[in-house]
Amino acid sequence: MEGYLNRIPEMVEQIRAVRDTIITNILLIGQTPAPTFREKRRTSVFMDRLAEFQVDEVTTDGYRNPIGVIHGTSAEKPPIFVVAHLDTFFNKDIVYNYSVGENTITGPGLMDNTVGVGVLVSLPFLFQCLGLRFESDIVLAGVIQSIGKGNLRGIRHLLKTWEGPIRGGVCIEGGELGRLNYFSDGMIRAEIECSISRSTGVTHKFLPNSILVLNEIINEILKLRLPQRPRSRIVIGKISGGVDHGAVAYEATMGLEIRSHSDRIVKDIYKDIQEIVDGISHEDQVDLKLSTISNLNATRLRYNDPLVKHSAAVLRALGIEPVSDPTESALSILLSHNIPSVTLGVTHGYNYYEEDATMEIEPMYKGIAQIIGVITAIDSGVCDE
Amino acid sequence: MNDGWLKTNTFHYSEFRDVAGLVAAKQKKGLTISLCLPTLNEERTIAKEILIIKSELMLRHPLIDEIVVVDSGSTDSTREIAKTYGADVYEANDILPRMERYQGKGENLWKALYITRGDIIVYLDADIKNIHHRFAYGLLGPLLLHDRIKYVKAFYDRPIAIGKNKLRPTGGGRVTELVVRPLFSIFFPELTQILQPLSGEYAGYRDIFDQIPFPIGYGVETSMILDIYRRWGLEVMAQVDLDRRIHRNQDTKALGKMAFVILKTFINRKLELGLIDLHEKMYDEMIQYNLVREEYKANITRFEGHERPPMIGIEEYREKFFPETTQGESP
């Protein structure tokens, strides 16, 4: 353990030395559109890059997740999964114009998750440059259909159909450097659609306004009493509706997430919201529909789990103080399959969800070193303890 | 019209994906290759062009021997960024300083002949938003694998960027379709087989480029095709499908100016060849009108139409590349 921990800081310089190829991978991935459900072109680029780096097997699984496998030296050791989600929030019709400055890179979808994918496809090249061989096969997976309505289908399918045990997993996200996620909350992501009948008559003397109806629902949600333990919360993240400043809004939609350390509480809160929706729908005589977009079960490793401890040690060896929060990502699917796993962030950035999302280049080298350090830790057996 | 050239001399970049094979061909022939990026305020795109080409075609596969940026006096950080990422950066005015100074893309391309050392030179515009190393290896493939080919031009699907980062799936190439293609159809039907004669990406052997004149502005692509066609014929040329290139959309007035320069270049070439007579002088000013406060105001842009002579005739060039030849005598 001490041996590789000492070596990790030395890797940073070696990684910096191949900066051009790492940034090239980020650019080639980033300038290829990959909206959720339409990741085909980025899948091709992903596989092309792995093939160019002479990865032993490059293929797709039955769900079209692109996968590369670097053969390990031991046939007995189960594989280590390194995962980054391929899809972005942006649609296909914008210009994926990436710009590189002296210290930063800017472009749509960069922090979520072009950097993660770019680093993932750079790993075979970096392993070659650093002279690293592993006992386990390293499975590099760019999983599709992760975001929003994708509901992590790519990683779910990959793990469901993978034959044989998996030794451990590392999920790569663009930011922030220092994150060390090892647990995920139970989560339901839902949408409430409000629709007002356009016909006038006996039903309504005055037409209701769908935005005001949603406002009423929000007020009722805010009255719900949420437990402090297990920690639980409702995030109202999206709302849209109406067509003009002076016209009654016939249609409106809001999106929300219920999160809790406890799956039972998530379900209870969902039921409460369903009752609020049903009540207002009845009393205001409007069409209201609550539907689930995606959901996750709460899963976690313990803080004293060997993988978490060793991962934290890797970060600290690089002078990075680990920060742990719950995450709603591929990690929860890996953990739900009892695969010891963590999520790591590559670098610092800002404007994550804007077209000018920006990352800092310099911290990335440490971010990559920590990923290689954690893979090395898993390969040395920390998940086997 | 014989359209055989379109079939025999049109390639797709994917035919040249085996970059290691191209490197072997280059080494077998003992060639060196230079990449030139002409720039004017390209700080948003220059770094990624350098990074991707350097990573893939210099460090991982030694196909290209040098990347040279020739800058027309950018006022942004183009030169600093290009240096940061490892290109050799020159200001056009500092090259061959005894000569009169001009500003324009053609000027940069011409001066690049003096400062580069490659037997083959690849010219890429520095504003490519979706740069990929195929832009360089795709152009080099026919030159390295087909001995008869000396000059290669790019063509591609051209989505254009409109508004703030929005993309229109088809379009672009308006000056080609409205000006160049009709002219070629009337005077040189064979040349209509070149699908995008105004594309800014091309590569060729030095001994082709140094024997032709370079207009300093927009006309450089048109004149290059006409001059190579006239001297060596269509057979030495090829075109490569580079798949897709996203470029800036220019407004109609800017395209009008481009069309003006191209037309003038074309007519000048026809006059030189004795193929047409002109009984009145041509003017140097493009006149466009703008409505300003309910009044039409003329916006006059002057294009002098300067042209650099073949580089082979420049004494400094001959001293550098052909020191054994007598001063003032062409090799």
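How many residue pairs are in polar contact across the interface of chain B and chain A? The rule finds 13 such pairs, with both residues at pLDDT 80 or more. Keep in mind that this is a predicted model.

## Where the chains meet

Start with the side of chain B that touches chain A. Three elements give two or more residues to this side: helix H3 (46-59), helix H4 (78-84) and strand S8 (166-168) of chain B. Among them, H3(B) gives the most, with eight residues. The residues on this side of chain B divide into twelve charged, ten nonpolar and seven polar.

Now count both partners. Chain B brings 29 residues to the contact, and chain A brings 25 residues. About 2400 Å² is buried between chain B and chain A. Carbon and sulfur atoms give 46% of that area.

## Salt bridges

How many salt bridges link chain B and chain A? The count is four. One can be found by its side chains: A:Glu52 meets B:Arg60, with 3.4 Å from N to O. That distance passes the rule because a salt bridge requires the nitrogen to be within 4 Å of the carboxyl oxygen.

Over all chains, the count comes to 36 salt bridges. Look inside chain A for one of them. The side chains of A:Lys223 and A:Glu220 meet at 3.0 Å, N to O. Both residues lie in helix H6 (residues 210-223) of chain A. They are three residues apart, about one turn of the helix.

## The sheet in chain A

Chain A has an open sheet of seven strands. Follow the order across it: S1-S2-S6-S3-S7-S15-S8. The pairing is mixed. At the edges stand strand S1 (57-60) and strand S8 (180-181) of chain A, and each pairs on one side only.

Which strand does S8(A) join? Its partner is strand S15 (residues 341-347) of chain A. The two run antiparallel and share two bridges. In one of these strands, S15(A), A:Thr343 is the bridge partner of A:Asn181. A helix also packs on the sheet: H5 (residues 153-161) of chain A. Helix H5(A) touches strand S2 (66-70), strand S3 (80-85) and strand S6 (138-143) of chain A. The direction of H5(A) makes about 145° with that of S6(A).

## Backbone details in chain A

Next, look at the backbone in the loops. The peptide bond from A:Gly175 to A:Glu176 is cis, with omega near -10°. A:Glu176 lies in the loop between strand S7 (168-175) and S8 of chain A. A cis peptide bond also joins A:Arg229 and A:Pro230, where omega is about -10°. A:Pro230 sits in the loop between H6 and strand S11 (232-241) of chain A.

Which loop holds A:Leu152? This residue lies between S6 and H5 of chain A. A:Leu152 is not a glycine, yet its phi is positive, about 55°.

## The sheet in chain B

Chain B has an open sheet of eight strands. Their order is S1-S11-S6-S9-S5-S2-S3-S4, with mixed pairing. The edge strands are S1 (10-12) and S4 (88-91) of chain B, and each pairs on one side only. On average, neighbouring strands of this sheet are turned by 25° against each other, direction ignored.

Work through some of the pairs. Strand S2 (residues 33-39) and S5 of chain B are parallel, with four bridges. There, B:Leu35 has B:Val122 in S5(B) as its bridge partner. Strand S5 (residues 120-123) and strand S9 (residues 202-205) of chain B are antiparallel, also with four bridges. B:Ile121 stands opposite B:Gly204 in S9(B). Strand S6 (residues 151-157) of chain B pairs with S9(B) in the antiparallel sense, over three bridges. Here B:Gly204 is the bridge partner of B:Tyr151.

Finally, find the helix that packs on this sheet: H9 (residues 220-232) of chain B. Helix H9(B) touches S6, S9 and strand S11 (237-244) of chain B. The direction of H9(B) makes about 135° with that of S6(B).

Technical notes. Residues are numbered from 1 along each chain as its sequence is written. Chains are lettered from A and ligands numbered from 1 in the order in which they are written. This is a predicted model: local features need pLDDT of at least 70, side-chain atom pairs count only at pLDDT 80 or more; totals for chains, interfaces and linings use all residues. Side-chain values use heavy atoms; hydrogens and water are left out. Contact means heavy atoms within 4.5 Å. Buried area is the accessible area (1.4 Å probe) that two parts lose on being put together, summed over both. A polar contact is a pair of N or O atoms within 3.5 Å; within protein, one must be able to donate a hydrogen and the other to accept it, and residues adjacent in sequence count only if both atoms are side-chain atoms. Ala, Val, Leu, Ile, Met, Phe, Trp, Tyr, Cys and Pro count as nonpolar, Asp, Glu, Lys and Arg as charged, and the others, Gly among them, as polar. Two strands pair if DSSP finds at least two bridges between them. Axes are lines fitted to C-alpha atoms, for helices over the stretch in contact, and angles run from 0 to 180 degrees between N-to-C directions.
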